[in-house]
Amino acid sequence: MDFDEFREFGHASIEFIINYLGNIRERDVLPSVMPHAVINQLPREIPEQPEHWREILNDLESIILPGLTHWQSPYFNAFYPSSTSAGSIIGELLIAGIGVLGFSWICSPACTELEVVVMDWLAKFLKLPEQFLHATEGPGGGVIQGSASEAVLVAVLAAREQAVVKYRELHPELSESEIRGKLIAYSSDQSNSCIEKAGVIAAMPIKLLPAGEDLILRGEALKKAIEEDVQEGRIPVICIATLGTTGTCAYDDIESLATVCEDHNVWLHVDAAYAGGAFALDECADLRRGIDRVDSLNFNLHKFMLVNFDCSAMWLKDANKVVDSFNVDRIYLKHKYEGQSQIPDFRHWQIPLGRRFRALKVWITFRTLGAEGLRAHVRKHISLAEQFEKLVKDDKRFELVAPRALGLVCFRPKGDNEITAQLLQRLMERKKIYMVKAEHAGCLFLRFAVCGMDPKPSDIDYAWSEIETQLTDLLVDQQRLLETPSKAGEVGELTHHFQILANNGNVTHEKSQ
Ligand code: PLP
């Protein structure tokens, strides 16, 4: 492809993106395809001859798009947001266009130095303690990882290696494998699956401690677990706390956990993958309590900072602990300024060797939105979630399951779990909005997360109207079944629950018409 054709392809692709994002509300958020739909439409081999970009864009439109779930749609209310912005999209394009790798400073000095700059910008924007800044005297600093999972894994592996070194000094009579066999880590049963996975990869058991009824992990539970383990000869290594759990956006009690970790020389990592964005707001200052006492933390820019996936910030109080754990060198990786310039070689801070120039899209996103724009974005999500929360509260057929937290509302129709399950099934079949379910203590509920590239109050009204009319229809259908003598026996006990709910909510046949 020559540059003229490249230009045409590029311009057409930008038009394609604008058209896709500008009209995203017109598409069902969930695709209507069956498994293999895409595979069956594509050849089994690489085309032998080059194809024209126009054909490729046509196939993108006709084969690929129908098979997509539209994450940038405001009707995507599942998981947590993974939103993007114009600046970030252009940033990604430029990253690919420039095509550098930045595993050490010499590989592309600006790649490393821009990352140092944007990580300090972000740390200040989120009001993190100074010890996490590169610019502060001391061993702290921030790095961009691909995902929260990678950040957690880096913390777990570094904490593990530090513990092994320390314990070998204290107990020279023990072999390294004996020490490794005794290591143990902690998190809460509400933490993200990536934490358990980090334990599997690190070959170190992670105990998932029961969070309290309010779904918060506190120092008391950690202290009890550590004391029992020490008594049995185990070596506590790291506790991974969560600010903003995936299920309900609960915030673990960092201060009490920090006290226990300090007493037992245990690394404290905070996974703030979603909620970290709210550190920037004065009205959410409480969230930052205890952050000055943690060893490391992570926050996904691809969740709350309008930087497209993948982009996960990680800060370390003492980066040397990671560098010392991961420093595996070869002569071809060495360079003249290594270790002298106070500028990191980020390959020692991560799992892979190669690294993307993610700092570029962060820089462009931050500059195109400004700190004010970023704060406004987080506030908008909170206010849209408040709007949704009010709609739930005003409809007495529904109940909140946990307090609204940032842009997440956890709710359910009152009554049996089956009603929640059937409501979600209906919503999924209609594909107008996309939510996922969660469960706590046997109670099934729905998570409504404000997501998408540019959600608006009218989108919240749209989603609520879809949810509440589907509940109405569900109740009416059940009522009809009950009134059909031949069917009444089939629905039995369950119908009884629907009937109670329908009566509580004063649902009548008329309401659905
Ligand atoms: N931690 C929390 C609290 C999350 O909610 C998620 C994903 O939603 C993750 C970690 C995993 O994030 P990633 O996909 O960046 O690894």
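Two strands are taken to pair if DSSP finds at least two bridges between them. The structure shown in these views is a predicted model.

**Figure 1. Strand 9 and the two strands with which it is joined by bridges.** Strand 8, residues 398–400, pairs with strand 9 in the antiparallel sense, and three bridges connect them. Within this pairing, L400 has F411 of strand 9 as its bridge partner. Strand 9 also runs antiparallel to strand 11, residues 443–449, to which it is joined by four bridges. Here C410 is matched with R447 in strand 11.

**Figure 2. The two faces of strand 9.** In a regular strand, side chains alternate between the two faces of the sheet. On one side of strand 9 lie L408, C410 and R412, and on the other lie V409, F411 and P413; all of these residues are buried, so both faces are covered. A residue counts as buried when its relative accessible area is under 20%. Strand 9 spans residues 408–413, and six of its six residues are buried, so the strand is largely enclosed by the rest of the structure.

**Figure 3. The whole protein chain, as context for the close-up views.** The protein chain contains 15 helices and 11 strands. Its C-alpha atoms fill a box of roughly 80 × 70 × 45 Å along the principal axes. A compact globule of 513 residues would have a radius of gyration near 24 Å, and the 26 Å of the protein chain agrees with that value. Of the 513 residues, 50% count as buried.

**Figure 4. The largest pocket and its lining.** The space in the largest pocket amounts to about 880 Å³. Its lining is made up of 30 residues, and those nearest the centre are I17, T84, I89, E92 and N308. Helix 1 (3–22), helix 2 (53–64) and helix 3 (86–98) are the elements that give two or more residues to this lining. Helix 1 provides the largest share, with 10 residues. By class, the lining of the largest pocket comprises 19 nonpolar, nine polar and two charged residues.

**Figure 5. The second largest pocket.** The volume of the second largest pocket is about 560 Å³. Of the 20 residues that line it, N320, Q342, I343, P344 and W349 lie nearest the centre. The lining of the second largest pocket consists of eight nonpolar, nine polar and three charged residues.

**Figure 6. The salt bridge between D28 and K432.** Side chains of opposite charge can pair when their charged atoms come close. In the salt bridge of D28 with K432, the closest N and O atoms are 2.9 Å apart. The pair links distant parts of the chain, with the two positions 404 residues apart in sequence. D28 belongs to the loop between helix 1 and helix 2, whereas K432 belongs to the loop between helix 13 (417–430) and strand 10 (436–440). The relative accessible area is 29% for D28, which is therefore partly exposed. K432 is also partly exposed, at 27%.

**Figure 7. K390 and D394 in helix 12, with a salt-bridge network.** The side chains of K390 and D394 form a salt bridge with an N to O distance of 2.7 Å. Both residues lie in helix 12, residues 358–394, and because they are four residues apart, about one helical turn separates them. D394 is exposed, its relative accessible area being 54%. Elsewhere, E92, D310, R356, R358 and K361 are joined into one network by salt bridges that share partners. The count of salt bridges in the model comes to 36.

**Figure 8. The surroundings of E213, and the salt bridge of R218 with D214.** E213 is located in the loop between strand 3 (206–209) and helix 8 (219–231). With a relative accessible area of 81%, E213 is exposed. The C-alpha atoms of E213 and H440 are 9.4 Å apart in space, although 227 residues separate the two in sequence. R218 and D214 meet through their side chains in a salt bridge of 2.8 Å, N to O. Both of these partners count as partly exposed: R218 has a relative accessibility of 33%, and D214 has one of 38%.

Note on methods:
Residues are numbered from 1 along each chain as its sequence is written. Side-chain values use heavy atoms; hydrogens and water are left out. On a 1 Å grid over the protein atoms alone, a cavity is a set of points where a 1.4 Å probe fits but cannot get out, and a pocket is an open set with protein on both sides within 12 Å along at least five of seven lines; lining residues have an atom within 4 Å of a point. Grid points are joined across faces, edges and corners, and a volume is the space filled by probe spheres set on the points. Ala, Val, Leu, Ile, Met, Phe, Trp, Tyr, Cys and Pro count as nonpolar, Asp, Glu, Lys and Arg as charged, and the others, Gly among them, as polar. A salt bridge is a side-chain nitrogen of Lys or Arg within 4 Å of a carboxyl oxygen of Asp or Glu. Buried means under 20% relative accessible area, exposed over 50%, partly exposed in between (1.4 Å probe, protein chains only). The radius of gyration is taken over C-alpha atoms; the globule rule is 2.2 Å times the number of residues to the power 0.38.
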